[in-house]
Amino acid sequence: MIKLPKFPGMASLKKWVKDWAKKNTVKIDNRDWYFAFLLDNGKEKFLFTKSGITDFVLEDDIFSWYTKGYITFKNNDRVLERTVFPKLMLKLMRTDPPYKMRGDGRDLLSINFSPKVTAINSFIAKTMGLDIQPEPEVYNLDNTYAIYDCKTEYDEGGDELKTLYFWDIRYQQLLERNVHFSTGLIKSKTDPKLKKEIRQTTNKQRSIKTGVAIKEFLKVALKDTPVSLKFDDKWDEGEAEIFYSSPAQYKGVNDLDWLMDCHVSAKASKNDMSILKYDTYIKKWTLMPVFEYFGKALKGKEAGDFQQDKFTVAYNTGNIPKFLSLIPNKKKAPTYTMGSYGKAWKDKMKGKIKKQIELTEMSELELVEWRFEDLVGLDNQNLITTFAVHSYNMEEKELNVDVYKNEIQTVTENFQKDYLEKNFMAKAKPLIAHNITKGKRDRSVMNNLFTLSNDEKLRLIKGRNQLYKNLIFLNNACNITIKGNTHRRTGRFFSIDRRDKYYENDYDNKVLGQYFIVNVKHKFSEETYTNEILGVKPYRFAKLKLEQKNVIK
């Protein structure tokens, strides 16, 4: 057993784990990885070995700003917390005492996992002067988590298996804390014109932009903790202003959820919804509109900054007739013009290597590795339809009903123009994937909602933005299980195209193309490492022609 040093704080703990990962190389799936998993209770430490871990899952979901997962390991003879030697003998043997589970959410799991790339050190790369390792901002899984639950089981061979469930330490802290926060207090510090006492000002005077409120809340809620409080430079400050003070019964997570539910992105981003994430790769908080995510999917006909994986699928119908070779390929996925090393070299010429696209990111999928699922009819009819938003202005004693901006045909046209046509490949233009039925058109199928807000921008949250959200995240989906790689995360894109030439058909027009990644699981099981990736695709390449006249309304 390794004699572990004492760590005076989280920073020193993370540094040790990072340094140890560089020294400790393990082989998984015949690939070399830098590997360090350390459990820490503030005094005792437990360093996991690869052979001792039976299962490890790390999940990243687009609707959760934090990552979470579980680790299962062999705990025969209670090896984690029990030893047969007395403390004096352990000291003479220069061995650490057994670990003590705290059970208070302060057992910390610090992980550092990244690929040790050798393929890039090829002859061509060396002759070009390329001898590099993957950028941490792209490939390094590195974060500290809090253990919030545990479970003990036994396998068929009688081995005791202990499972520790974890999530980001920041989430654990916000889950516990009552945070005294008010936008009025923030406004009084930043606005020198606000000379009145806060109690004598109006709610409007105490209001700040929603994106600013979210950032300032995180600063207040996590100000005395040793976790990262860095924010991305392109933080979305939002368009609407709100006044908010934390209710006494709210925990930090409730405050944050409330603020996010009130957020409308800036005008330049079409006043849509934004996604809050703590990015464990760049170690910063990000708040980015979906409009901005989609804008990074494509650059002309090449992969955009957020397009990371390109998969191909075979025709799967036996031998293809030779005359099909005369049919021109109609690409439905972006290309990488300079190949895997080309992009890295091109960036290096600019002075910094920003991204390396590995050969595994342009691989062929077997039939059993991917599943496509159609838009669910129940969701289509009930949730992808007009959202009429009702509100009542008490001062003016006026009832408002917002319909036009939230009407299914209007929203669909704007969505196609702003989100699809500029950002995804198509010979003419990409088209919406859902079907607008007769009931939706004549508004016999619609939703009526009520809000207390008199702010037109905030009312977009209940209507148009909710419809945008449903259009994207409830649409056609593809689930892929593929050989694992650490660069995969939510908020990025993968693409699927046919390997062989084929006749144009409705199925491929629906299935092929770029998918927005909404869920990623990194899964280790003994000697294998896989990714489960879920992506959604709200567009198709040709208009869907369906019978309309003789269909039940």
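Tutor: Let's start with a definition: a helix axis is a line fitted to C-alpha atoms over the stretch in contact, and the angle between two axes runs from 0 to 180 degrees between N-to-C directions. Keep in mind that this is a predicted model.

Student: Okay, so how do helices H7 and H8 cross, and at roughly what angle?

Tutor: Take H7 as residues 210-221 and H8 as residues 252-261; their axes come within 9 Å and cross at roughly 165 degrees.

Student: How do I turn an angle into a word for the direction of H7 and H8 to each other?

Tutor: Angles over 145 degrees count as roughly antiparallel. H7 and H8 are therefore roughly antiparallel to each other. As for handedness, the crossing of H7 past H8 is left-handed.

Student: Which residues in H7 and H8 meet?

Tutor: From H7 come Ala213, Ile214, Phe217 and Leu218, and they meet Gly252, Asp255, Leu256, Leu259 and Met260 of H8. Sorted by class, that contact has seven nonpolar residues, one polar and one charged.

Student: Now for empty space. How would I find that?

Tutor: Rolling a probe the size of a water molecule over the atoms shows where empty space is left. Here, searching the whole structure turns up one cavity of 30 Å³ or more. The largest cavity holds about 90 Å³ of space.

Student: Which residues line the largest cavity?

Tutor: Its lining is Ile28, Phe35, Phe37, Lys50, Ile53, Phe56, Phe524, Glu526 and Thr528. Strand S2 (31-40) and strand S4 (53-61) each supply at least two residues of that lining. By class, the lining has six nonpolar, one polar and two charged residues.

Technical notes
Residues numbered from 1 in each chain as written. Predicted model: local features only at pLDDT ≥ 70, side-chain atom pairs only at ≥ 80, totals over all residues. Heavy atoms only, no water. Helix = DSSP H or I, 4+ residues; strand = E, 2+ residues; numbered from the N terminus. Parallel < 35°, antiparallel > 145°, perpendicular 65-115°, else oblique. Left-handed = near helix turned anticlockwise from the far one by under 90°. Contact = heavy atoms within 4.5 Å. Nonpolar A, V, L, I, M, F, W, Y, C, P; charged D, E, K, R; others polar. 1 Å grid on protein atoms, 1.4 Å probe; cavity = no way out; pocket = protein on both sides within 12 Å on 5 of 7 lines; lining within 4 Å. Points joined across faces, edges and corners; volume = space filled by probe spheres on them.
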